[in-house]
Amino acid sequence: MASAREDAARKIETALSEVRAVYAELARRPIERACALRTECCHFAVTGRTPYLTRGEALLAAKALRATGRKQLPEAIDGACPLLHRATLRCLIYADRPFGCRTHFCDAAGGPWPRHAVLDLIRRLEQVDSQLGGEGPRALPGAVAEALD
Ligand code: SF4
């Protein structure tokens with residue numbers, strides 16, 4: 001019989017698989033955007049916007065950050081995202097970046113995706129959040145820091 005710990009681990013892996021499936025489905029949607037990796041959207045103090053993450057997104061981001069060898073959230077510099085590498089100015093977890101980072105493009109890249117075009121995917125992420133006992137989307141720094149614990 002599986003232990004409670006194994007059950008919990010399986011539940012998290014199932015949740016992470018669903019989050020990855022949502023990201024993959026988003027990538028298949030035909031809305032053209034031309035990101036030139038200016039990383040403007042990663043400077044929250046500049047944009048005035050911070051991505052909000054559901055629990056599944058935060059757990060996936062934390063797992064990706066741990067895979068880089070880090071155990072803690074890096075210190076944020078100058079109002080930028082703590083996951084933006086301070087030397088390379090590249091996202092530390094790009095392949096597993098949250099949904100908001102995949103949909104909120106700057107004006108130069110074509111602007112944010114319309115919410116109605118991705119509402120079904122947002123609902124799937126909210127469902128995962130609920131299954132994991134989350135309490136709805138939280139701002140990226142706090143959400144990832146908690147998921148790392
Ligand atoms: S998670 Fe990555 S893509 Fe998203 S704001 Fe932070 S550095 Fe930018």
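This passage describes how the helices of a predicted model pack together and how several of its residues are placed.

The structure is a predicted model, in which local features need pLDDT of at least 70 and side-chain atom pairs count only at pLDDT 80 or more, while totals for chains, interfaces and linings use all residues. Residues are numbered from 1 along each chain as its sequence is written. The protein chain has an average pLDDT (the predictor's confidence in each residue, from 0 to 100) of 92, and 99% of the residues score at least 70. Among the elements of the chain, α3 has the highest mean pLDDT, 98, and helix α2 (residues 44-47) the lowest, 89. Helices here are DSSP runs of H or I with at least four residues, numbered from the N terminus.

It is convenient to start with the helix pairs. Two packed helices are described by the angle between their axes and the distance between the axes. Axes are lines fitted to C-alpha atoms, for helices over the stretch in contact, and the angles run from 0 to 180 degrees between N-to-C directions. Angles under 35 degrees count as roughly parallel, over 145 as roughly antiparallel, 65 to 115 as roughly perpendicular and the rest as oblique.

Helix α1 (residues 4-27) takes part in two of the pairs described here. With helix α5 (residues 115-131), α1 packs at an angle of about 170°, the axes being 10 Å apart. The two helices α1 and α5 are therefore roughly antiparallel. On the α1 side the contact (C-beta atoms, placed from the backbone, within 7 Å) involves A15, E18, V19, V22, E25 and L26, which meet V118, L121, R124, L125, V128 and Q131 of α5. By class, this contact of α1 with α5 has eight nonpolar, one polar and three charged residues. In this scheme Ala, Val, Leu, Ile, Met, Phe, Trp, Tyr, Cys and Pro count as nonpolar, Asp, Glu, Lys and Arg as charged, and the others, Gly among them, as polar.

The second partner of α1 is α3, and the axes of these two helices come within 9 Å and cross at roughly 95°. Helices α1 and α3 are therefore roughly perpendicular to each other. Here I12, A15, L16, E18 and V19 of α1 meet G56, E57, L59, L60 and K63 of α3. The residues of this contact divide into six nonpolar, one polar and three charged. A15, E18 and V19 of α1 thus appear in the contact with α3 and also in the contact with α5.

Helix α3 (residues 55-66) also meets helix α6 (residues 140-148), with axes that come within 8 Å and cross at roughly 65°. This pair, α3 and α6, is therefore roughly perpendicular as well. The crossing of α3 past α6 is right-handed (the near helix is turned clockwise from the far one by less than a right angle; anticlockwise would be left-handed). A58, L59, A61, A62 and L65 of α3 meet A143, V144, E146, A147 and L148 of α6. Nine nonpolar residues, no polar ones and one charged residue make up this contact of α3 with α6.

Individual residues add detail to this picture. A residue is buried if 20 or more other C-beta atoms, placed from the backbone, lie within 10 Å of its own, exposed if 12 or fewer, and partly exposed in between. L65, in helix α3, is buried, with 22 other C-beta atoms within 10 Å. Not counting residues up to four places away in sequence, L65 touches R70, L83, L92, I93, V144 and L148. In contrast to L65, E25 of helix α1 counts as partly exposed, with 13 C-beta neighbours inside 10 Å.

The loop between α3 and α4 (99-103) holds D78, and L89 and R97 lie in this loop too. D78 has a positive phi of about 50° although it is not a glycine, and with 10 other C-beta atoms within 10 Å it is exposed. L89, likewise not a glycine, has a positive phi of about 55° and counts as partly exposed, with 13 C-beta neighbours inside 10 Å. R97 counts as buried, with 21 C-beta neighbours inside 10 Å. Leaving aside neighbours within four places in sequence, R97 is in contact with C91 and R102. The C-alpha atoms of R97 and L83, 14 residues apart along the chain, are separated by 9.3 Å.

Notes
Two residues are in contact if their C-beta atoms, placed from the backbone, lie within 7 Å.
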